[in-house]
Every structure is written in C-alpha cells, then in structure tokens.
Amino acid sequence: MRTAHRAVATKTIQIQLDQHVAALLQCRRCPRMQSTPVSGGAIVSDIMVVGQAPGPREPVLQRPFAHTAGKTLFRWFEEFCGMNEATVRSKIYFAAVCRCFPGKNSSGTDRVPAPDEIRNCSSWMDNEIRILRPRLIIPVGRLAIMQFIDCPKLEKVIGHKFRAERGGDRFDLVPLPHPSGASPWHKISPGRELTKRAFKLIARHSAIAALSKRRRQSENAATVG
C-alpha cells in the first residue's frame, strides 16, 4: 500500500513539474536577456543544483552547464559521488538564479543578471522548491549561494552544510564555488581544499546515498534480467 501511495505521489509531482517546465520555457519576462530559457528537464528529484545563469553555449545546446564549467562540475560529481554526467543529469534537478543568457558586458565577459531580472526569475525557483520539496540544494557560485544565505566571502561558506529555508520549505544546503575556467578560486588554496570538503559533504548526504542505492539496485536487476 505504501509503495502504491508513493507511486501516485510521484506521478502527481511529475505532472506538476512537466507543466512548470513547459511554462518556464515560454517565459519572456526580461527583454534584456539574450536567449530564451534553458532547462535541464522535468527531473523529479530530492536534490537540486542551482546555477547562476546560462552562458552563450547553453542556449545552443539546450542544457545547463554544457561547456567548460560543466565539465569541471561533472568531474567533481564523478570523482566524489561516483556519478557520471549522464547519471547526474537524469537524477538531479537543475535550476538557476536566471534561466536565460544575460549577454556580454562592455569588457566582453558574461553580464551579471540585474536585480530586476533576478526578481523576475525568482518565482520559477520558488515553484520548483514547492513542487519538489528537495532534501538537498547545491548552489553553485556566489550569486546562487546568496539566494539562500549570506555569502560575504566564499571561504566562509564553502565546505560547510547549512539548514536553509525558502518559500516555507526547509532543506540542507551545501554551497559550491563556480567551476568556471575564468575563476582560479577552486584551483588554489584554500579554495581547492574547501571545495573537496564540500563535495565530501555532498557525497555523504542521505539524498545522494539514496540515489546511489537505487542505481545499484537498477543495475543489479538489469544484470539478473
């Protein structure tokens, strides 16, 4: 009976999330943005990764973390959690502070979303948290971290687990630095060591452990079959 109830609940969540993502992809709230929204798909999960905003490659490839930063992020997941890119994308919900590419600024680097754009986009993440009620949220980069907790310096938050709240839902929060090739923070001390500590916290989290257990059971079932 409990399994049946869980299946019905999961189906309801999937329908709500499908509708949410369909509406998200139609969003045109921010005229200064240089692309339409990017989504990682309607993945029902207890875990959310929250990025900052797509770069120029993501709208073309139609998935978040599709270029250099993604390669580093997925390498971390494989190294510490034993999950390759395909597994991460299929088992974890990807969100972002802003879902469209903001364009370039005068110096040629990616433009940081403006406060009004962040406000315009915030309801999408609020709705995702309401639907999924995640157990673990992983914000990637200072802009993403600041949507949940204060972040005066990365050294103060990376490598720590927090209990956070948004929209009336409470969850564990393990921040990560942005894995951009333009930032050396995660490559040098103390950032390198703090990033490893953060990912060890992620790897030990019960939501990640549950994913790993289900994956092993699925692999074993496929082998028996």
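User: In this predicted model, which residues of strand 2 are buried on one side and which on the other?

Analyst: The model is a predicted one, and in it strand 2 is covered on both of its faces. Strand 2 also pairs with strand 1 (residues 47-51) in the parallel sense, over 4 bridges, and G51 stands opposite A96 of strand 2. The buried residues on one side are Y93 and A95, and those on the other are F94 and A96.

User: Strand 1 also pairs with strand 3; which residue of strand 3 is the bridge partner of V50?

Analyst: Strand 1 and strand 3 run in the parallel sense and are paired over 4 bridges. Both faces of strand 3 are covered, with L136 and I138 buried on one side and I137 and P139 buried on the other. The bridge partner of V50 in strand 3 is P139.

User: Is the pairing of strand 4 with strand 5 parallel or antiparallel?

Analyst: Strand 5 has a bridge to strand 3 (residues 136-139) at I137, whose partner in strand 5 is L173, and those two strands, joined by 2 bridges, run parallel. Towards strand 4 (residues 162-166), the residue R163 has D172 of strand 5 as its bridge partner. Strand 4 and strand 5 are joined by 5 bridges, and their sense is antiparallel.

User: Which residue in the hairpin of strand 4 and strand 5 takes a positive phi?

Analyst: The hairpin has 2 residues between its strands. Of the 5 residues of strand 5 (residues 169-173), 4 are buried, so this strand is largely enclosed by the rest of the structure. The positive phi in the hairpin, near 65°, belongs to G167.

User: How do the buried residues of helix 8 fall when seen down its axis, and within what arc?

Analyst: The 14 residues of helix 8 (residues 191-204) should span 20 Å at 1.5 Å a residue, and the end C-alpha atoms are indeed 20 Å apart, which agrees. The buried residues of helix 8 are G191, L194, T195, A198, F199, L201 and I202. Seen down the helix axis they line one face, because they fall within an arc of 150°.

User: Which residues of helix 3 are buried, and which residue with a positive phi follows the helix?

Analyst: Helix 3 has 14 residues and reaches 20 Å from its first C-alpha to its last, close to the 20 Å expected at 1.5 Å a residue. Its buried residues are A69, G70, T72, L73, F74, W76, F77 and C81. The residue that follows helix 3, with a positive phi near 70°, is G82.

User: Q62 and F65 both lie in the loop between helix 2 and helix 3; is F65 buried or exposed?

Analyst: Most residues other than glycine have a negative phi. Q62 nevertheless has a positive phi of about 60°, and F65 has one of about 50°. Q62 is partly exposed, with a relative accessible area of 41%. Residues under 20% count as buried, and F65, at 10% relative accessibility, is therefore buried.

User: Which two residues does the cis peptide bond join?

Analyst: Most peptide bonds are trans. In this model, however, there is a cis peptide bond with an omega of about 0°, and one of its residues, P190, has its place in the loop between strand 5 and helix 8. The two residues joined by the cis bond are S189 and P190.

User: What distance separates the C-alpha atoms of G181 and I118?

Analyst: G181 is found in the loop between strand 5 and helix 8, where its relative accessibility of 46% makes it count as partly exposed. Along the chain, G181 and I118 are 63 residues apart. The separation of their C-alpha atoms is 24 Å.

User: Of the residues that line the largest pocket, which are the closest to its centre?

Analyst: The largest pocket has a volume of about 800 Å³, and of the 32 residues that line it, five are named as the closest to its centre. By class, the lining has 15 nonpolar, 12 polar and 5 charged residues, and helix 2 (57-61), helix 3 (68-81) and strand 2 (93-96) each supply at least two residues of it. The residues closest to the centre are A53, P54, G55, D110 and H178.

Conventions
Residues are numbered from 1 along each chain as its sequence is written. This is a predicted model: local features need pLDDT of at least 70, side-chain atom pairs count only at pLDDT 80 or more; totals for chains, interfaces and linings use all residues. Side-chain values use heavy atoms; hydrogens and water are left out. On a 1 Å grid over the protein atoms alone, a cavity is a set of points where a 1.4 Å probe fits but cannot get out, and a pocket is an open set with protein on both sides within 12 Å along at least five of seven lines; lining residues have an atom within 4 Å of a point. Grid points are joined across faces, edges and corners, and a volume is the space filled by probe spheres set on the points. Ala, Val, Leu, Ile, Met, Phe, Trp, Tyr, Cys and Pro count as nonpolar, Asp, Glu, Lys and Arg as charged, and the others, Gly among them, as polar. The expected span of a helix is 1.5 Å times one less than its number of residues. Buried means under 20% relative accessible area, exposed over 50%, partly exposed in between (1.4 Å probe, protein chains only). The arc is that of the directions from the helix axis to the C-beta atoms. Two strands pair if DSSP finds at least two bridges between them.
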